[in-house]
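I opened this notebook to record what I looked up, entry by entry, beginning with pairs of charged side chains.

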Amino acid sequence: MAKKHQIVLGIWGIRSSFRSLIALLVTILIITAVYLSQDSGKFFENRTNVELSQCNLFSGKWVFDNQSYPLYKEKECTYMSDQLACEKFGRKDLSYQNWRWQPHQCNLPRFNATALLERLRNKRLIFVGDSLNRGQWVSMVCLVDSAIPPTLKSMHTNESLSTFKATEYNASIEFYWAPLLVESNSDDPLNHRVPNRTVRVKAIEKHARHWTDADILVFDSYLWWRRPTMKVLWGSFESPDGIYKEVEMLRVYEMALRTWSDWLEFHVNPNKTQLFFVSMSPTHESGEDWGDGENCYSETEPLLKEEFWGSDTDPKTMRVVENVLDDLKTRGVDVQMLNITQLSEYRKEGHPSIYRKQWEPLTEEQISDPSSYADCIHWCLPGVPDVWNEFLYAYIVHQ
């Protein structure tokens, strides 16, 4: 009987030890869970930092994802542009909204409007450039729009500067129209389509004084340079003594970027201001590049062939930008290149095509041939520029 009692006690002791072990494991799990919940932002931010430092975000593939994309609805964005609202203007196939960019080596952090707005608290984020940069700005406004109550946001435009304000955060997301960065005869935000484009390659202060106190600057400039030569003015537009000369485009482009880079070196505090340059946005105006149709008109699928490069995209122009940015880095000014060119090359179906507001009445000829007036330059929203802003978000919030 005593032996049996000892056996029972032994079994009970084993069970008791087992239960104690289970209790200890549960306690450890609870403590870990509490720790992670309290410090989850830091934990995930640190993990993302490692990924960003080891990963080329711009090398990857497009994945169809109609569960988590689009990141917002076109009709629900308060400040959507009629130039980019393809669904509003009759586009029926909306699959262009459902493609997610997947880098080969890591995951792109999912856009979180509240996290971005917190990072932008008491700050100015300014997009500077042409209509493609304006499209990226509209995309960014749409991405944060739904996270802000109607009474706590506003939009104001004053000539070349448009400002979206998130009142609660005292944060502004702005766009400044400067399609060539330096001064030009295309600087009017409304009336800028002039037959003879002229630039003052040494003059930038007229524009740049609006950016001086920005905390984050996002530049682009390529679309308006697409021509063999450009007229350069030494002097002012008002002076009759100005000297005009026709110069090969790449030379003028580099001269303008050097003026821009010099301004950054002497007027921007790199410890305060984050700087970005968006590489050229590809157009899809030559259907023969992918062997189908005249241009982007009626395209409904992206190109899935890796390393596709269209004939409208000029590598020499990209190298000019890279050289200027490399030189800036040696002078202590780090400008992060958002290299959106290759990944955007695949998205031949992402343009407005004919599904946008027509600013001028269409002719009978155009109506009979829709591809003749298809916009294969800008991008539908939601769409490709949202991914550009996901890159921007990754660098602003997670770097």
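Entry one. In this predicted model, I looked up lysine 272 and aspartate 215, whose side chains meet in a salt bridge at 3.0 Å, N to O. The pair links distant parts of the chain, 57 residues apart, with lysine 272 in the loop between α6 and β12 and aspartate 215 in the loop between α5 and β9. I noted that lysine 272 is partly exposed, with a relative accessible area of 43%, whereas aspartate 215, at 12%, is buried because the cut-off for that class is under 20%.

Entry two. I then turned to aspartate 262 and arginine 331, which form a salt bridge of 3.1 Å, N to O. Aspartate 262 lies in helix α6 and arginine 331 in the loop between α7 and β13, so this pair ties together parts that are 69 residues apart in sequence. I followed the salt bridges that share partners and found Glu254, Arg258, Asp262, Glu265, Asp327 and Arg331 joined into one network.

Entry three. I also checked arginine 124 and glutamate 174, whose side chains meet in a salt bridge at 2.7 Å, N to O. Arginine 124 lies in strand β3 and glutamate 174 in strand β6, so the pair ties together parts 50 residues apart in sequence; both residues are buried.

Entry four. I looked last at an open sheet of four strands, with mixed pairing and the order β7-β8-β10-β11. β7 and β11 stand at the edges with a single partner strand each, so one side of each is left without a neighbour in the sheet. Helix α6 packs on this sheet, touching β8, β10 and β11, and its direction makes about 115° with that of β11.

Terms used: Residues are numbered from 1 along each chain as its sequence is written. This is a predicted model: local features need pLDDT of at least 70, side-chain atom pairs count only at pLDDT 80 or more; totals for chains, interfaces and linings use all residues. Side-chain values use heavy atoms; hydrogens and water are left out. Two strands pair if DSSP finds at least two bridges between them. Helices (H or I, at least four residues) and strands (E, at least two) are DSSP runs, numbered from the N terminus. Contact means heavy atoms within 4.5 Å. Axes are lines fitted to C-alpha atoms, for helices over the stretch in contact, and angles run from 0 to 180 degrees between N-to-C directions. A salt bridge is a side-chain nitrogen of Lys or Arg within 4 Å of a carboxyl oxygen of Asp or Glu. Buried means under 20% relative accessible area, exposed over 50%, partly exposed in between (1.4 Å probe, protein chains only).
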